[in-house]
Amino acid sequence: MIAIRNVTMKFHTKQGTVQALQGIDLQVERGEIFVLLGRSGSGKTTLLRCLAGLEKPDTGQISLAGKVVFSDCERIFVPPQERELGMVFQSYAIWPHLTVFENVALPLTQAKRKLSKQVVQDRVREALQLVQLEGLEKRPAPLLSGGQQQRVALARALAIKPQALLMDEPLSNLDARLREDVRSELRELVKKIGVTVLYVTHDQVEAMALADRTAMMDHGVILQVGHPQELYHQPVNVTVAEFFGSVNWLEGRITEAGVIKTEIGTLHADSASSVGSQVVIAIRPEDIQLSASPSGNANEFEGEIVSTTFLGDYSLYQVQTRTSKRILKKAMGSPIAPGKAYFQISKDRIRVFYNRELSSLSRKA
Amino acid sequence: MRRAVLRRLVIGPLLDRRTVLVGISLIPVAALTVLVSVIVWISFRQLAGAAAGYSLDAYRELYLDPFTYKALLNTAVFSLITVAVALLFGIPAAWLVERTDLRPKEIPQTLMVLGLLIPSFLTGMGWVFLLNPRIGIINTLITGIPGMEWARINVATAPGMGIIQGLGLANVAFIMVSPTFRAMNPVFEEAAEVHGLRFFQTLHKVTLPLAYPGVLAAAIYIFMIGVAAFDIPAVIGLSNRVFTFSTFLYIQVQPLDGLPRHDLAGASAVLMICISLLFLCWYYRALKSSHRYAVVTGQSYRPRQVELGRWKPWAWAFLGGYFLLGQLLPLSMLVWNALLPYPQVPSLSALGHVSLNNFRALPIHQLLIGAQNTFILAVSVPTLTLLFSLGLSWVVVRSGFRSRFFFDVFSFLPHAVPHIIFAVSAAYVSIFLLSGFLPIYGTIYLLMAVYTLVWLSFATRNLNSALIQIHKELEEAAAVSGIPLLRILRKILLPLLGPALLNTWLWVALLTYRELTVASILATTRNITLPAAMWGIWLSGLYPKAAAAALLVVAVMVPLVFLYWYVGRRATAMERTL
Ligand SMILES: Nc1ncnc2c1ncn2[C@@H]1O[C@H](COP(=O)(O)OP(=O)(O)O)[C@@H](O)[C@H]1O
Ligand SMILES: [Mg+2]
C-alpha cells in the first residue's frame with residue numbers, strides 16, 4: 001500500500017544542514033496499522049510529510065497503492081492534492097472559522113471530487129457518526145474541546161475515503177486519561193473501516209496498544225521493524241531496548257561460550273558474540289524473579305532490597321547486589337518485605353549487545 | 001492519456017498554481033526595479049541639445065554646490081529635532097498609558113491612534129497661521145507689545161519645522177514604544193526595588209535601559225520618516241526657501257523658474273537612497289536587539305502598574321498639553337482662518353469678519369474632479385495593494401522558496417526609499433519612456449500605480465505578521481484533503497486573514513486619501529486629487545482659501561476615520577507594521 005524506498009531529506013537552516021531522513025525503506029501493507037516510533041526530532045514528522053507531499057525528499061521513491069507519487073530519478077512529484085490521503089495533524093488543524101460540519105464537508109465540496117449535495121451530507125453524517133460527534137454539526141470549531149477537535153480531525157480525514165490515513169501524534173495534545181480511552185477506540189474504529197494507517201508517536205505504550213507492526217526510528221534511520229512484542233523482547237540494539245520501557249544494564253566480558261562475567265557475577269546467556277569480547281547486557285525489570293529464599297537455579301544472585309515503591313498495579317524494588325550495583329525489579333502481587341533477597345534471571349530473557357554501543361549508554365547513565 | 005498524466009506529473013511542481021502567486025508578486029517587484037534603476041540612470045544622463053550623453057556632471061554639480069550642503073544640514077537638523085520632540089512626548093505618554101494606574105487608558109490611546117490619521121499638512125498650515133513671521137497670530141501679538149519686535153518667532157526654519165513634525169510623529173513613537181513597555185517583565189523592576197533602589201533610580205537604571213532597544217528602533221524609524229518627510233517642509237519651508245531633502249528634490253523637478261533638472265534630481269535621489277538604506281540597516285540591527293530582552297516565561301504576567309497618586313493631575317496635564325499643542329491648537333487655527341478673509345488674532349472685532357466666503361470662492365469644479373479622483377483612488381489603491389501584498393506575503397512567509405528573501409527585500413524597498421523618489425522616477429518614466437505607446441502621464445492610473453507601490457511595504461508587513469500567526473497545518477490539512485491552492489487561499493486563508501485584511505485596507509485607504517507627496521509631483525489638472533488641489537491653492541499664496549480647501553478634505557475624511565475607528569479600534573495594524 002505504502003512503499004518507501006531509500007528516501008533521504010536534508011533541511012538547510014541558518015545553523016547548517018540537518019539530515020532529517022537518511023535512507024528510509026518502509027513497506028506498509030493494506031489494512032495495516034503501522035506505527036512509526038521514535039524520540040522527538042528523529043524525523044517521524046518529516047517522513048509523514050514526505051508521504052503526504054507536504055515536503056519534497058531529496059532522493060528516493062515513494063509509491064501509494066502501486067502508483068509512484070515521488071521519484072527523484074523519474075522527476076515525479078505528485079502534489080498533496082492528488083495523493084488522496086487523509087491526515088490528522090498534531091495540532092489537529094481544525095479550521096477555526098468553520099463549524100464542525102463545514103470542516104468535514106470542505107474537502108468534499110472544494111476538492112476535485114464532484115459530489116452531489118446529498119452525498120456530501122451523507123458522508124459528513126456518516127463520518128461524524130463514526131467518531132461519535134452526531135449533534136455537534138453546527139458547533140463553531142473554536143468551541144470544541146481538545147478531544148472533540150481530535151475527533152473532528154479524524155472525521156474530516158475519513159470522510160474523503162482516503163487511500164491511507166496518516167496521523168501525527170494525534171493523542172499528544174490530550175490529557176493522560178482521555179488518551180487511554182481514545183487509544184483503544186481508535187484501533188477499533190480503523191479496524192472496522194479497514195483503512196491503512198500510518199501512525200506517528202513518541203510514546204511506546206501507544207505503539208504497543210495500536211500497532212499491527214511498528215518501526216523504531218532514530219536520527220533519520222529506521223532501526224527495527226516488526227511486531228511491538230518483537231521490538232520489546234528482541235531489540236536489535238541498545239537504542240531500541242532503551243526506548244521500550246526500563247532496562248537494567250550490565251557490563252561484562254564473555255569468558256567462554258554462553259558464560260559472561262559481569263559486575264554482579266557470572267551470568268549464563270546465549271550470545272552470538274565471540275569469546276573475549278566486551279558486551280552490555282539488558283535485562284528488563286519484569287524478567288527478574290525475586291524471592292526471599294534461594295531456589296538454586298542458574299543465574300541466581302544474592303542481594304538486599306533497599307527500597308520498595310508501591311505503584312498500584314505493581315511494585316518497584318531496588319535491589320542492592322554484593323558489588324553495590326542496584327537492580328530494579330517489577331513485581332505484581334503482594335509486596336516482599338525489605339531485607340535479604342534472591343533474584344534470578346532466566347537465560348532466554350537476557351539480551352546481549354556488543355560493547356561498542358556502550359558510549360551511548362554511559363551518556364544516559 | 002497516460003502521457004498527458006505523466007507530463008503533468010513531471011512538470012507539475014514547476015507549473016502549479018504557485019506560479020500564479022509568484023507571478024502576482026513579480027509585478028510590483030519589476031515595477032520597483034524599473035523605478036529605482038531609472039532614477040540611477042537619469043542621474044548620469046545629460047540632455048545637451050538633441051543628443052543624450054552620459055557623465056558624472058550632475059554629481060559634480062550637486063556636490064560642489066553649497067546649497068546642497070545647506071539642504072543636507074537642514075535635513076539633519078530637521079530630522080534630529082523631529083526625533084527629539086516625538087520621543088519627548090511619545091515615550092512618557094506610552095509609559096503613562098502602559099505602566100501606570102492612569103484611568104481610563106482608552107482616551108489617550110484612541111486619541112493617539114486617531115492623531116496618526118490627521119494629515120500633517122493640516123497641522124503644518126495651522127502652525128503657519130500661528131507662527132508665520134509676517135502673518136502669524138502669535139507674532140502679531142508679540143510685536144504688538146512695544147519693544148518686542150525682536151522676539152518675533154520664525155517657524156520657517158529647520159528646527160521650527162522639526163518641532164512641528166515631531167509633534168505629529170509623537171503618535172508613532174507612542175505606538176512603537178507601547179508594546180515594549182507592555183511586554184516588559186516586572187520581575188526586573190521588582191528585583192531592583194527589593195534590593196533597595198528607589199522609584200527614579202529604578203526607572204533610570206532598569207526600566208529605561210530595558211526599553212532602550214525598542215526606543216532606539218523607534219528613534220531611527222522616526223528619523224527616517226523625518227528625512228523623507230515632505231508635507232511640513234513643503235507647507236512651511238518652501239515659500240521661505242528653507243529646504244530639506246524632499247523639498248530640495250521637489251524644486252529640482254518642479255522649479256519655480258527654469259527647466260526641470262532631472263539629472264540633478266537623480267543624483268540627489270541616489271544620495272538620499274544611500275542614506276536611507278544605511279539607516280534601514282541600522283534600524284534592523286536595533287530591532288533585532290530589541291527582542292534580546294524579551295523574557296520567556298511560561299506563566300503569563302501583568303506588568304505591574306505604578307501608582308501615580310498625587311502626580312495624576314500632572315500626568316493628565318502632560319497628555320492634555322500634548323494634544324493641545326499637537327492637534328487642537330493648529331487645527332482650530334485652521335478652522336478660524338478658513339472663515340476669515342486674512343489671518344487675524346481672535347477677537348470680537350475679528351468675529352465680525354467671519355464668513356463662508358473662502359469656501360464660496362473655491363474652484364469648485366477642480367475640487368469636484370479632485371474629490372472624484374481621490375475617491376476612486378481611495379477604493380482602488382487599497383484593493384490593488386492588498387492583492388499584490390497578499391501574493392508577496394504568501395511567497396515570503398509560506399512558499400518555502402529559496403528566493404523568498406529576494407521578495408522580502410523588494411517588499412521592503414518602498415519603506416526604505418522616500419516616496420518622492422518613486423514619484424519623480426514615475427514621472428520621468430511616464431513622460432519620456434512610455435508616452436509613445438502608453439500615455440499614462442496625467443491619468444489617474446499613474447497615481448494608482450505609484451500609490452500601490454509605495455504602500456506595498458506597509459501592507460505586506462502587516463499581512464506577513466498576520467500570516468505567520470496562522471498555523472501552517474491549517475493550509476496543509478486543506479492541501480492533503482485535495483483542495484487546490486487558490487481555493488485554499490479563498491476558503492481558508494482569506495477568511496482567517498479577514499480582520500488583518502480589513503484593517504490594512506482601511507489604513508491604506510486613509511493613507512491614500514490624504515497623500516500629498518506623490519500627488520504633488522504627479523497630479524495634473526486631469527488627475528488632480530483633493531490634497532493636491534489644496535496644495536495648488538496654498539502654493540499660490542492664498543492661505544485662508546487653502547485652509548478652507550483643507551477643511552473640505554478633512555470633512556470628507558471624517559466618516560472614513562470613524563469607519564476605521566469602528567472596525568479597527570486599536571492600533572493593531574500600526575503596531576504590527578512598525
Ligand atoms: N522545516 C524544517 N526546517 C529545518 N529543520 C527541520 C524542519 N523540520 C524538521 N526539521 C529538523 O529535522 C529533524 C526531524 O524533525 P521531525 O521530523 O519534526 O522529527 P519528529 O517528528 O520525529 O519529532 C529535526 O532535527 C528537526 O529539527
Ligand atoms: Mg513530530
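1. What share of residues 371-564 of chain B is helix, and how far apart are the end C-alpha atoms? Over this stretch chain B is 80% helix and 0% strand, and the C-alpha atoms at its ends are 20 Å apart. The structure discussed in this note is a predicted model. The same residues appear in an annotation: an unreviewed UniProt entry lists residues 72-283 and 371-564 of chain B under "domain: ABC transmembrane type-1".

2. The confidence of the prediction should be considered before any detail. For the complex, the predictor gives an ipTM of 0.77 and a pTM of 0.77. Chain A has a mean pLDDT of 85, with 93% of its residues at 70 or more. Chain B averages a pLDDT of 82, and 90% of its residues score at least 70.

3. Within chain A, the elements range in mean pLDDT from 43 for helix α9 (residues 358-364), the lowest, to 95 for strand β9 (residues 196-201), the highest. Over residues 358-365 of chain A the pLDDT is below 50, and this stretch has 7 contacts in the model beyond near neighbours in sequence. Any reading of this part of chain A should keep that low pLDDT in view.

4. Within chain B, helix α1 (residues 2-15) has the lowest mean pLDDT among the elements, 43, whereas helix α20 (residues 444-454) has the highest, 93. Two stretches of chain B also call for caution. Residues 294-301 of chain B stay under 50 in pLDDT, and the model has 7 contacts for them beyond four places in sequence. Residues 570-578 of chain B likewise have a pLDDT below 50, but this stretch has 30 contacts beyond near neighbours in sequence.

5. The next matter is how the two chains meet. In the model, 34 residues of chain A are in contact with 27 residues of chain B. The size of an interface is often given as the accessible area lost when the parts come together. Between chain A and chain B the buried area is about 2500 Å², and carbon and sulfur atoms give 62% of this area.

6. Which side chains form the salt bridge between the chains? The count between chain A and chain B is 1 salt bridge. In that pair, Arg49(A) meets Glu476(B) at 2.6 Å, N to O. Side chains of opposite charge can pair when their charged atoms come close. The count of residue pairs in polar contact between chain A and chain B is 7, both residues being at pLDDT 80 or more.

7. On the side of chain A that touches chain B, the elements giving two or more residues are α1 (44-52), β6 (76-77), β7 (85-88) and α2 (100-110) of chain A. The largest share, 4 residues, comes from α2(A). By residue type, this side of chain A divides into 18 nonpolar, 8 polar and 8 charged residues.

8. Over all chains, a search of the whole structure finds 19 salt bridges. One example within chain A joins the side chains of Lys112(A) and Glu82(A) at 3.4 Å, N to O. Lys112(A) lies in the loop between α2 and α3 (117-130) of chain A and Glu82(A) in the loop between β6 and β7 of chain A, so this pair ties together parts that are 30 residues apart in sequence.

9. A final point concerns a contact within chain B. Ile24(B) is placed in helix α2 (residues 18-44) of chain B. Leaving aside residues up to four places away in sequence, Ile24(B) touches Leu387(B) and Phe388(B). Although Ile24(B) and Phe388(B) are 364 residues apart along the chain, their C-alpha atoms are separated by 6.1 Å.

Methods. Residues numbered from 1 in each chain as written. Chains lettered and ligands numbered in written order. Heavy atoms only, no water. pLDDT = per-residue confidence, 0-100. Contact = heavy atoms within 4.5 Å. UniProt positions renumbered as here; feature names shortened; annotations may be inferred. Buried area = accessible area lost by both parts, 1.4 Å probe. Salt bridge = Lys/Arg side-chain N within 4 Å of Asp/Glu carboxyl O. Polar contact = N/O pair within 3.5 Å; in protein donor to acceptor, adjacent residues only side chain to side chain. Nonpolar A, V, L, I, M, F, W, Y, C, P; charged D, E, K, R; others polar.
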